[in-house]
Amino acid sequence: MNQTPPTLDAKSVAAMAPEALLQTLHSNANGLTASEAAQRLAQGGPNSLPEQHISLFMRLAHYFWGPIPWMIEVAALLSALVRHWPDFIIIVLLLLFNAGIGFWQEYKASSALDALKKQLALKCRVRRDGQWLQIDTAQLVPGDIVRVRLGDILPADIKLLEGDYLSVDQSALTGESLPVSRKVGEVVYSGSIAKQGEMVGVVYATGVNTYLGKTAQLVQKAGAVSHFQKAVLNIGDYLIYVSLGLVVILVLVELQRGLPWIDLLQFALILTVASIPVAMPAVLSVTMALGALALSKEKAIVSRLESIEELAAVDVLCSDKTGTLTQNKLTLGDPLLVAAPDAATLNLHAALASQPDNGDAIDQAVYAAQPGNVLPGGYTAAGFTPFDPVGKRSEGRWTTAQGQKLAATKGAPQVILDLCQIDATARSRAEAWINAQAAKGLRTLGVASRMGEGDWQLDGLLSLFDPPRPDSKQTIADARAHGLAVKMVTGDNVAIAREIGEQLGIGRNIIAAGAVFGAATQPPGVTLAERIDAADGFAEVFPEHKYGIVKALQEAGHRVAMTGDGVNDAPALKQADVGIAVSGATDAARAAAALILTAPGLSTIVKAVEEARRIFERMNSYAIYRITETIRIMVFVVAAMLAYNFYPITAVMIILLAFFNDVPIMTIAYDRTAVDPQPVRWDMRRVLTVSTVMGLTGTAGSFLMLALALDWLHLPIAKVQTYIFLKMAVAGHLTLFVSRTKGKYWQKPYPAPIMVWSAVLTKVAATLLCAWGLGLITPISWGEIAIVWVYSIVWSLLTDWAKRLVHQHLDHTAPRHRDFLRLLKQRVFKPHHSAGA
């Protein structure tokens, strides 16, 4: 069996008998040994499709090619033509610095994403050395025996060997809109999704040799442009238009005045490069990538970076009860016996409809009631139908020691009662017992059996206790304090949901999902969206109800997060602003979700929301800072040249400013920020208003210093330029601190130490340069340096005051603005809501 298996195609595999295929693959029903699998993995490579890798040289060269690098390169060339060698050296250093920063940021972002991808790697169940194991799908090899079940994304091309049937959705591969049923002897393809059933098969192709790998018909996740991408594009466009417009005015006026065109063109190019936020997308992406890595340490993994921004804006969380609000550690209580002679028989029949190794909490609780956690001898398995969210029951088929055929089923009580067709008296007794258990917060499970092809008989009902998690009540209170409403979603009946809802502080306004969705059930004058919005939670929920709940809440104006774990939850997870795959979710749910949890409990989600809001605040602060800086530099320089007809700052000084300002900016991804008590969204009106006021305040400060230096101190132009350079360097770093908070910038939350020290070191460097000159600028005295420092600090206080005034004004007018938009939206959507109602 240590021979290398041949490469097989789907057509030849489909024509082969299972035994012949196992022989061809040098495998058997017990699977490969660990050493054989390792040898085949070394020979055939991992079970994955090759990713396109760009060489290190090409990635670095990218930063020297494009509109912005071209501007810097032309400026360097012009400096060389007029033999301004100090300028040439500084400009070339700027080019190398920009390339180095961009390359380093890309490296940090890609490293963070690679770490996230490893945590998102799909798992599969494989039989090695005769034992069932869970491994990464990348480690599968031809000849491996695997088990696939409801919710799995098929890890490779497989020929089915054991089991009743498997319903697979292969629309992404073949275009077939409906799931197809596959049985023993048939093949299923990598990338398909198991919708129903459970089977065992042998892997015959992996990686590039699969049907998926050969056709390369991967599902693309291009999707629509996210709110984050729109915000970056809007900010970038705003700054580019402002910068280019002012540069054009400057060039036209100064050419008319007779300035040398080479010097003017070089200055204009450098000024444009310094003003356009070329690094903004990279800085924001790195901030999100490092934030995503921080989220993963909180046991929450984002599947795409943009979902961090969506998570920060979520104001309604629809949470599953089992395993998220409760511990999912079930224990059996006192049963209700109907046809079963005793509790042992009832528990045995429940175990015959269970699988001990599938990780299901109910099955494990049922098996725990069996002596030694195993079935008694004498039973031979004849088939098994696993639980699915639609049928809501599982079924085991057996042959007894006497040769009789026995079938046992367990599932939702309503489903089992309907299956057994019991009389009204027995049904009333059963329903009364179910309601009594529900009032105590206990779940119930129906158990039935039949001999041969006879009718199903109701053996009895089991009670299951699933206690709330000890931290759930406090976590829900914390969530509400952060503006996050928690609505419970459960498949249990209304009585259980109300009992748990009251225990956890969610509320008792729990409604049955089936009673809400349907035109005839809505009260007059109340829309579906309003009724869903008013509820504390939903009981007796089927997967299709989750989708409707999300849609209704979104129509009510909410940003919605929805949890899920099953394959049928995928549509709701995709529709939600943030779909959350809970710990232990199926592959299909994980693939559809924006956030994947690796630890159980609601606290993980709330921590993720808090961290997302911190990340958002960092991005928002940077956006305000970058717009402010562009206005502060560009408007001042252009206006000063038009007013005084000389360069208030040299091209070399602008380049040095870019050096000194870019270093602290890189640390913004590590900044400490407060958690906003309410959900946060991109508010471009606020971002542009605050940054424009701050930028114009800074411009006024630079103009006042220019006037004082020229008209009061009567300094030569060279010294005036040094004054302005130092003022802009010091004020630039102070602007970063002013923009990072809505309150006073010297109060909590304090900036991260790395941000403070990077600003201190670059300010010291700028100060020493102004004191010593170093042949680049005209030096000034330490007394003059002190004057500029004091002036800059005082003006930063004025800028901070102006910023706080703007925020207060916007906070006052924002509710009226939101009410107007909500009224407009209601009038636009009113016909649609009425139709939905």
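Colleague: What is the order of the strands in the open sheet of eight strands?
Modeller: Happy to start there, keeping in mind that this is a predicted model. The sheet is open and its pairing is mixed. Read across, the strand order is β8-β22-β21-β20-β9-β17-β19-β18.

Colleague: Which strands stand at the edges?
Modeller: An edge strand here has a single partner strand, so one side of it is left without a neighbour in the sheet. The strands in that position are β8 (300–302) and β18 (510–512).

Colleague: How many degrees does the twist average from one strand to the next?
Modeller: The value is taken from each strand to the next one in the sheet. On average, the twist comes to 20 degrees.

Colleague: Which helix packs on the sheet, touching β17, β18 and β19?
Modeller: Look at residues 494–504, whose direction makes about 165 degrees with that of β18. Those residues form helix α19.

Colleague: Let's turn to β9. Is strand β9 mostly covered or mostly uncovered, and how many of its residues are buried?
Modeller: Strand β9 spans residues 316–320. Val316, Cys318 and Asp320 point one way, while Leu317 and Ser319 point the other way, and all are buried. The strand is therefore mostly covered, since buried means under 20% relative accessible area, and the count is five of five.

Colleague: Which residue in β17 is the bridge partner of cysteine 318?
Modeller: β9 and β17 (residues 485–489) run parallel and are joined by five bridges. On its other pairing, with β20 (residues 560–564), β9 is also parallel, over three bridges, and there leucine 317 has alanine 561 as its bridge partner. For cysteine 318, the partner in β17 is lysine 487.

Colleague: Which residues touch the most other members of the largest nonpolar core?
Modeller: This core has 125 residues, and helix α25 (residues 602–644) gives the most to it, with 22 residues. Another core, of 27 residues, lies apart from it and includes Ala513 and Ile532. In the largest core, the residues asked for are Leu271, Leu595 and Phe725.

Colleague: Leaving aside neighbours within four places in sequence, which residues is leucine 595 in contact with?
Modeller: Several of them fall in the numbering from Ala300 to Val302, with Ile301 among them. The others are Leu311, Val578, Gly579, Ile580, Ala581 and Ala608.

How values were computed: Residues numbered from 1 in each chain as written. Predicted model: local features only at pLDDT ≥ 70, side-chain atom pairs only at ≥ 80, totals over all residues. Heavy atoms only, no water. Core = buried A, V, L, I, M, F, W, Y, C linked by side-chain atoms within 4.5 Å. Buried < 20%, exposed > 50% of the residue type's maximum accessible area, 1.4 Å probe, protein only. Helix = DSSP H or I, 4+ residues; strand = E, 2+ residues; numbered from the N terminus. Contact = heavy atoms within 4.5 Å. Pairing = 2+ DSSP bridges. Axes fitted to C-alpha atoms, helices over the stretch in contact; angles between N-to-C directions.
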